[in-house]
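This report describes a protein structure for a reader who is new to the subject. Please look over the sequence and the structure before reading on.

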Amino acid sequence: MIATWAVSSFATLILTAAQLILDYQKDFDKLQNNFSIIKNSYLDSMAEHLWSYDTRLLEIQLDGLSRLQGVSYLKLTADNKVIYETGKTDPQEESHKSFEIRHKNTNETLGTLDVELDTKNLRDRYFHEAIWIFVRQAAKTLVVVFCLYFIFNRIIVVHIKHIADYLKNGFRDNKNLVLNRPPHAEKDELDILADSINLFRVELLEANRKLEQLNQALEQKVTDRTRELTNKNQSLEKAMFQIKRMQATLVAQERLASLGSLTASVAHEIRNPLNFVLNFSELLTESEDAEEIKEVSRVVLKHSQRIDQIVRSMQILSGYDSDVLETTDVNEIVKKAYQQTISNRSLGSSYVPPKVTYRLGDNVNAQVYSVSLQRALSNIIDNSIHALEKKVMSQKDFEPELVISTSVRGDNVEVSVRDNGIGIPSILGEKIFDPFLTTKAPGEGAGLGLTVAFNIAQKHGGTLKYTSEFGHWTEFLMTLPLVHERLHA
């Protein structure tokens, strides 16, 4: 209603303003026409009266001129004197004009006539008239709008609200939409809208019914499929149970086989030095020669140490270890490992390289199991010396080189043992870390040294790798963390 009233009032305002402007311009032009009347009808006669000094006729003529519609001010000046003046002048008005009074025969200027038109009164009159017109039109428009509102509300708005309430209810009543309207012959837009909504309701209910049927069918399919999957899962669980039982059986058989193989290997490795110990011990009881007793004692000691080494290696492989984790100088452990290896080989009259080259880093401190690490490095160094020994025996002009290096790289310590011995065949690969795998002759090694070293590296949370060129060189690289996870946690 407000919008309608505003639009109607604005349209009335525009049309009324346009009409008033046209009327004002028409009246203003009529007022300006007074200047033409004065010029054409009064100036010549006034000139004659001034020429003949007939002041009585001149005043009569000026009085008649002052009564012209719209003339608000007259002033006649002759010989620099004001002869006649009436009305009030407004200097700010633009409708002011001066006429020279000339004698038509001599063309002599006899005086000046100042005329001013009352345009201010014309503007005020039209302004007040515009206000009253606008007020009347606004009132008329408001009355018309109110009438239209009540008519529109009665005929349309009430039914639209009824339709909105019906739609908001969501067809829950399951009844057709019926408009409370007086009987009429032809259908109008509201009737068509109501019929469309009723048709939509019927179609929607039908669609919902079909959707419900589809949902029920889908639920049945899901139930059937779930039952099938449940049966299949139960079958799979039974199959998995059987597989696990078979796996457990296979693992147990594998463990028994591994245990048998390990037991046989350990028994074989211990039997050889033990036979030496037993046989030479009998010789000790029967011999009375001091030199012979000394030599037999040396052999017994050598093979007893070998038995001890095998037992210690087996203890490490089985996890039995009382070593303590502590922060230690790795360089010192490397030197002790080399000295221990040389001492053991010297005791058994084995080959000892003429020299070793140390390339040790600065401040190589790490959290390690000192005893275990020393044993691992000793095993690696012993393997390298054995490779040098093999090459020395096959090449007379061979110069052995053994280089032991340490360094810190990032968060790890790297220990490298490199020799220029016979190398490792590439066919062995990572098998060299398997227990009881050895390339040494019978009685020279049990094949546990590198296995023990590999397990000790893993015990530290590190790695043990090697690179080799068969016949030329081999390098073992052990990488250990500076801070062990157990202490770091």
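In this predicted model, the side chains of Glu414 and Arg409 meet in a salt bridge, with 3.0 Å between N and O. Arg409 counts as exposed, because its relative accessibility is 55% and the term applies over 50%. In general, side chains of opposite charge can pair when their charged atoms come close. A search of the whole structure finds seven salt bridges, and three of them are set out below.

| Salt bridge | N to O distance |
|---|---|
| Asp114 and Lys75 | 3.8 Å |
| Arg209 and Glu206 | 2.2 Å |
| Glu414 and Arg409 | 3.0 Å |

The salt bridge between Asp114 and Lys75 links distant parts of the chain: Asp114 belongs to strand β4 (residues 109-117) and Lys75 to strand β1 (residues 71-78), with their positions 39 residues apart in sequence. Asp114 is buried, since its relative accessible area is 11% and the limit for burial is under 20%. Lys75 has a relative accessibility of 22% and therefore counts as partly exposed.

The pair Arg209 and Glu206 has another setting. Both residues lie in helix α5 (residues 189-286); because they are three residues apart there, about one helical turn separates them. Arg209 is partly exposed, with a relative accessible area of 40%, and Glu206 is also partly exposed, at 32% relative accessibility.

**The nonpolar cores**

Glu414 also appears among the contacts of Met478, a residue of the largest nonpolar core. Which residues have the most contacts inside this core? They are Phe476 and Met478, and the core has 39 residues. Several elements each supply at least two residues to it: the helices α7 (330-347), α8 (370-394) and α9 (449-459), and the strands β7 (365-369), β8 (402-409), β9 (412-419), β10 (463-469) and β11 (473-481). The greatest contribution comes from α8, with seven residues.

The contacts of Met478 show how parts of the chain meet. Leaving aside neighbours within four places in sequence, Met478 touches Leu373, Ala376, Leu377 and Ile380, and also Val413, Glu414 and Val415. Further contacts of Met478 are Ala453, Ala457, Thr463 and Leu464.

Apart from this core lies another, of 27 residues, which includes Leu20, Leu31, Phe99 and Ile133.

**Helix α9 and Ala457**

Ala457 lies in helix α9. Its relative accessibility is 0%, so Ala457 counts as buried. The other buried residues of α9 are Leu450, Thr451, Val452, Ala453 and Ile456. With neighbours within four places in sequence left aside, Ala457 is in contact with Gly462, Thr463, Leu464, Met478 and Leu480. Ala457 and Val368 are 89 residues apart in sequence, yet their C-alpha atoms are 9.9 Å apart in space. Just after α9, Gly461 takes a positive phi of about 80°.

**Helix α4**

Helix α4 (residues 119-168) has a kink of about 50°, centred on Asn153. Which residues of α4 are buried? They are Thr119, Leu122, Tyr126, Ala130, Ile133, Thr141, Val145, His159, Ile163 and Tyr166. Ile133, one of these buried residues, also belongs to the core of 27 residues.

Ile131 is likewise in helix α4. Is Ile131 buried or partly exposed? With a relative accessibility of 35%, Ile131 counts as partly exposed. Together with Phe127, Trp132 and Val135, Ile131 makes a nonpolar surface patch of about 430 Å².

**Helix α2 and His49**

His49 has its place in helix α2 (residues 43-51). The relative accessible area of His49 is 18%, so this residue is buried. Apart from neighbours within four places in sequence, the contacts of His49 are Asp54, Leu57, Leu58 and Gln61.

**The protein as a whole**

The protein has ten helices and eleven strands. Of its 489 residues, 31% are buried. Among contacts between residues at least 6 apart in sequence, 68% join residues at least 24 apart. The protein exposes about 32100 Å², and carbon and sulfur atoms supply 56% of this area.

Technical notes
Residues are numbered from 1 along each chain as its sequence is written. This is a predicted model: local features need pLDDT of at least 70, side-chain atom pairs count only at pLDDT 80 or more; totals for chains, interfaces and linings use all residues. Side-chain values use heavy atoms; hydrogens and water are left out. The bend at a residue is the angle between axes fitted to the seven residues ending there and the seven starting there. Helices (H or I, at least four residues) and strands (E, at least two) are DSSP runs, numbered from the N terminus. Buried means under 20% relative accessible area, exposed over 50%, partly exposed in between (1.4 Å probe, protein chains only). A nonpolar core is a set of buried Ala, Val, Leu, Ile, Met, Phe, Trp, Tyr and Cys residues joined through side-chain atoms within 4.5 Å. Contact means heavy atoms within 4.5 Å. Patches are made of residues with over 30% relative accessible area and no salt bridge: like charges are joined within 9 Å, nonpolar side chains (Val, Leu, Ile, Met, Phe, Trp, Tyr) within 5 Å. Accessible areas come from the Shrake-Rupley method with a 1.4 Å probe; for residues, only the protein chains shown count as cover. A salt bridge is a side-chain nitrogen of Lys or Arg within 4 Å of a carboxyl oxygen of Asp or Glu.
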